[in-house]
Structures are given as C-alpha cells and as structure tokens.
Amino acid sequence: MDVISVIRTKRDRERLSPEQIDWVIDAYTRGEVAHEQMSALAMAILLNGMDRAEIARWTAAMINSGERMDFSSLPRPTADKHSTGGVGDKITLPLAPLVAACGAAVPQLSGRGLGHTGGTLDKLEAIPGWRALLSNAEMMDVLRDVGSVICAAGDGLAPADKKLYALRDVTGTVEAIPLIASSIMSKKIAEGTGSLVLDVKVGSGAFMKNIEDARELASTMVGLGTDHGVRTTALLTDMSTPLGLTAGNALEVRESVEVLAGGGPADVVELTLALAREMLAAAGLGDVDPAKALADGSAMDHWRRMILAQGGDPDAALPVAREQHVVHAAASGVLTTLDAYAVGVAAWRLGAGRARKEDPVQAGAGVELHAKPGDPVTAGQPLLTLHTDTPEKFAYALEALDGAVLVAPEHTAYEPTPIILDRIA
Ligand code: URA
C-alpha cells in the first residue's frame with residue numbers, strides 16, 4: 001500500500017477500499033504517513049466526500065488506533081451527551097449531575113475550547129481546585145461514588161483522531177461532515193458508553209450553518225453509533241443566538257449553578273431537561289422525571305459531590321474579571337438579533353478562549369447578555385457587559401460585535417426560533 005495511491009483514489013472521486021482506510025489511519029498514527037500527505041487526503045475527502053460504508057470503516061479504524069474503555073462493571077446504565085459546540089453552551093455542567101441524580105451513570109469526556117466556541121473543561125477549571133485530568137481508575141471511582149464525572153479524555157483514546165483533528169484545525173478541513181462524524185463518534189464509541197445523545201447545533205455560532213447539513217451530520221452519527229451497538233439519538237438545536245445569558249468560563253459556571261438551584265434562563269433549563277429526557281430514555285430510565293431532580297435539590301447535591309470528588313470547592317467564590325465595559329441600546333424597540341458567532345468571537349477576544357491549544361484562558365472573561373431576541377428594549381439600557389482582565393482588548397471585542405445586535409422599531413412582529421429544531425433517531 002502506498003499513500004500516494006490512496007490520495008489519488010479520493011482525489012479522483014473514487015471510493016476508498018477498507019484496506020486503504022485501515023492502512024492509512026494506522027500508518028498516519030505511527031508517523032509513517034506525513035502530515036502533508038494526510039492533509040492532502042483530508043482536503044480530498046472534504047471536496048469529494050465519503051459514502052456511509054467508507055465513513056463507517058474510517059471510524060472503526062480510528063477506534064482501533066487506541067484503547068477502549070469498559071463501564072460494564074458499573075451497577076447503573078451509562079448515558080453520555082455530546083454537543084457539536086456552540087456559544088454559551090454550558091449544558092453539560094447541569095446535565096451530567098442531573099442525569100446522575102435520576103439513576104444513570106454519566107461518563108462525560110469533554111474538551112477545551114478552540115476558536116469562538118467554549119470548552120467544558122475550561123469552564124469547570126474556573127472553580128478553584130477542580131481537576132480535569134483524572135486517571136482511568138480515578139474516573140471510575142468518581143463514576144461509582146457520584147454517578148457522573150466530567151474529565152479530559154486520556155491520550156490512549158482514539159489517538160488517530162487527536163492527530164488528525166489537530167491537522168484539520170490548521171488546514172481548513174474541519175468542516176467536512178464525514179470527518180466531523182467519524183471524529184466525534186470514534187471517541188464516543190471507544191469511550192464505551194451504552195447510550196449517547198447528540199446535540200447538533202445549527203446556526204451562525206455552530207459548525208453547521210444550515211439545517212440540511214446538520215440533519216446529514218446527525219443522521220450519519222446516529223447511524224455510526226447504532227451500528228456499534230450504542231443507542232444513539234440526536235437533537236438539532238438552535239445556535240443563532242447564545243444559549244442563556246452568558247458566554248465565558250466563570251460566568252457560565254455561575255449560570256449553571258443557578259439552573260441547578262431551580263432558576264436560570266428558560267432556554268438553558270428547556271434544553272437541559274430535553275437532553276436529560278433523551279438520555280434517560282436511551283438508558284432505559286424513561287419514566288424518571290428530571291424536572292423533579294432539579295426542583296428537589298438532588299441534582300445540586302450531585303453537582304456538589306462531583307466537584308468535590310475532583311478537587312474543586314463548590315462553595316468558593318468564582319473568579320471575576322478585573323474590568324467591565326457596558327454596551328447600551330442605541331434605540332428603543334424590539335431586540336431581533338443577537339448573533340451567536342459575534343458574541344463567541346467577542347468572548348474569545350476578551351480572553352475567554354484560546355487561539356492555540358497551549359494558550360491559557362482567563363477564567364473571568366466573557367460576555368454577559370441583558371436581553372435576548374424578542375425582548376423589548378429602551379434606548380440607553382444595558383444590552384451587554386464585556387468582562388476581561390486585559391481592558392486593551394475591549395476595542396477588539398467591540399469590533400466583533402459590530403452589526404451583531406439589531407433593534408427593530410417597537411411593535412415589530414418577532415417570530416421566536418424554537419430551541420429544539422428536530423430530532424433524529
Ligand atoms: N468535535 C470533534 O470532536 N471533532 C470534530 O471534527 C468536530 C467537533
């Protein structure tokens with residue numbers, strides 16, 4: 001087998017054979033295929049696509065590049081959730097302890113933010129003392145004792161994907177449906193969860209800008225999960241405006257705790273409960289009502305135990321950025337647009353995100369929203385508060401928000417976008 005013939009096959013719009021796929025993933029993981037060769041192949045895949053059989057084989061080869069975890073010794077059914085990433089998407093924080101409080105085990109292997117979307121681990125690291133890096137044995141202990149764990153995926157899980165994802169990130173080849181689907185599902189299948197709910201984001205703040213692409217991605221991933229014996233469903237959810245009222249690490253932890261305390265923004269509560277219901281149904285616990293566990297404090301109790309088990313102090317004050325800048329409404333009327341992508345980029349520029357994997361993030365940085373699309377606003381009222389430790393970034397963040405906030409004249413009809421746009425099973 002030689003790599004040039006594999007690249008030519010896809011360049012010429014032909015199907016890759018199972019042998020070609022197995023060989024190229026293995027050879028790339030071992031360093032025999034060079035980055036520039038894999039980069040050419042990734043671009044050929046982005047341009048010419050792969051059919052379902054090729055995607056299935058590609059995913060299996062990435063799973064086989066590393067270890068597989070096994071949760072079969074746990075006394076509870078396992079359920080996991082994966083979001084394709086959005087702005088203000090803090091849902092994993094209240095969701096994992098909530099679903100654990102309802103009787104499932106939730107092994108949530110999460111990532112860090114890159115670009116304009118935040119990462120769950122960065123958010124939780126805003127809590128003093130909290131540790132993302134756990135050994136497999138520690139992870140199992142937290143799962144057994146608390147029922148949910150949120151931690152970084154170990155290096156042994158789908159190493160081919162780690163290498164390929166880093167390469168795609170710097171070669172303009174992230175946005176290929178076969179590559180996104182196989183990347184996400186190889187990690188989830190190798191992780192060994194019994195059931196999985198996918199939250200596929202659609203809109204300006206998401207990878208998938210339109211619902212047709214999101215549907216194709218979701219049905220590809222549901223098919224891959226099902227073929228590997230993982231009960232998998234997907235919700236397509238709106239990401240045209242940020243979720244909740246915060247984008248930024250400590251700001252989002254604060255909002256998640258509000259949800260666990262029975263309050264919080266309506267859209268965050270709605271999506272948390274919808275995903276919890278999907279996860280519980282997939283785990284065979286469909287008759288448990290997650291709204292009760294939010295109301296009676298048991299989800300909060302699980303959150304506190306989960307944070308403590310990972311070295312964090314759930315009672316510690318969260319970091320606050322040194323400087324704030326308030327953006328006021330220029331006119332009275334109805335807020336019709338608050339663009340998710342622009343808010344994500346602004347939060348990132350303020351220091352909440354990173355440009356390179358190794359960059360630090362500011363725990364307190366981000367954007368707080370004081371109104372959501374559909375709300376009436378009065379000229380001069382605060383619309384956004386920007387938070388940062390580096391105030392020289394305010395101008396750069398404000399540039400990102402240029403044109404992102406639209407206020408229409410009073411009494412303009414406003415048609416709200418539902419949070420949940422579709423379900424794929
Ligand atoms: N998240 C992943 O894990 N992989 C992708 O390709 C895109 C999002």
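Me: What makes Y165, R168, I180, S183, I184, K187 and F207 the surroundings of the ligand?

Reply: In this predicted model, a residue counts as near the ligand if one of its heavy atoms lies within 4 Å of it, and the residues that surround the ligand are Y165, R168, I180, S183, I184, K187 and F207. By class, this shell holds 4 nonpolar, 1 polar and 2 charged residues.

Me: Why are R168, S183 and K187 said to make polar contacts with the ligand?

Reply: The term asks for a pair of N or O atoms within 3.5 Å, and each of these residues can be set against that limit. A polar side-chain atom of R168 lies 2.9 Å from an oxygen atom of the ligand, one of S183 lies 2.6 Å from a nitrogen atom of the ligand, and one of K187 lies 2.5 Å from a ligand oxygen atom. The three distances therefore fall within the 3.5 Å cut-off, and the pairs count as polar contacts.

Me: How much of the ligand does the protein cover, and which elements give two or more residues to the shell?

Reply: On its own the ligand has 240 Å² of accessible area, and the protein covers 90% of that. The elements that give two or more residues to the shell are α8 (159-169) and α9 (177-191), with α9 giving the most, 4 residues.

Me: Why are 2 spaces in the structure called cavities?

Reply: A space earns the name if a 1.4 Å probe fits there but cannot get out, and a search of the whole structure finds 2 such cavities of 30 Å³ or more. The largest cavity contains about 140 Å³ of space, and the second largest has a volume of about 50 Å³.

Me: What lines the largest cavity, and which domains do the residues come from?

Reply: The lining has 20 residues, of which H116, T117, G118, A347 and A352 are the closest to the centre of the cavity. At least two lining residues come from each of α6 (120-124), α11 (249-260) and α15 (340-352), and α15 gives the most, with 4. Domain 2 (80-309) and domain 3 (323-408) each supply at least three residues of this lining. By class, the lining divides into 5 nonpolar, 12 polar and 3 charged residues.

Me: How do you know that the lining of the second largest cavity has no charged residues?

Reply: Asp, Glu, Lys and Arg are the residues that count as charged, while the lining consists of M69, L109, L134, S135, N136, M139, C151, A152, A153, G154 and L157. None of the charged kinds appears in that list, so the division comes out as 8 nonpolar, 3 polar and no charged. Two elements that each supply at least two of these residues are α7 (136-145) and β3 (148-152).

Me: Why is the second largest pocket said to lie between domain 2 and domain 3?

Reply: Both domain 2 (80-309) and domain 3 (323-408) give residues to the lining of this pocket, so it lies between them. The pocket has a volume of about 380 Å³, and among its 20 lining residues D238, T241, P373, Y414 and T417 lie nearest its centre. The elements giving two or more residues to the lining are α12 (266-282) and β8 (333-338). By class, the lining has 10 nonpolar, 5 polar and 5 charged residues.

Conventions: Residues are numbered from 1 along each chain as its sequence is written. This is a predicted model: local features need pLDDT of at least 70, side-chain atom pairs count only at pLDDT 80 or more; totals for chains, interfaces and linings use all residues. Side-chain values use heavy atoms; hydrogens and water are left out. A polar contact is a pair of N or O atoms within 3.5 Å; within protein, one must be able to donate a hydrogen and the other to accept it, and residues adjacent in sequence count only if both atoms are side-chain atoms. Accessible areas come from the Shrake-Rupley method with a 1.4 Å probe; for residues, only the protein chains shown count as cover. On a 1 Å grid over the protein atoms alone, a cavity is a set of points where a 1.4 Å probe fits but cannot get out, and a pocket is an open set with protein on both sides within 12 Å along at least five of seven lines; lining residues have an atom within 4 Å of a point. Grid points are joined across faces, edges and corners, and a volume is the space filled by probe spheres set on the points. Domain bounds come from an automatic or database domain assignment.
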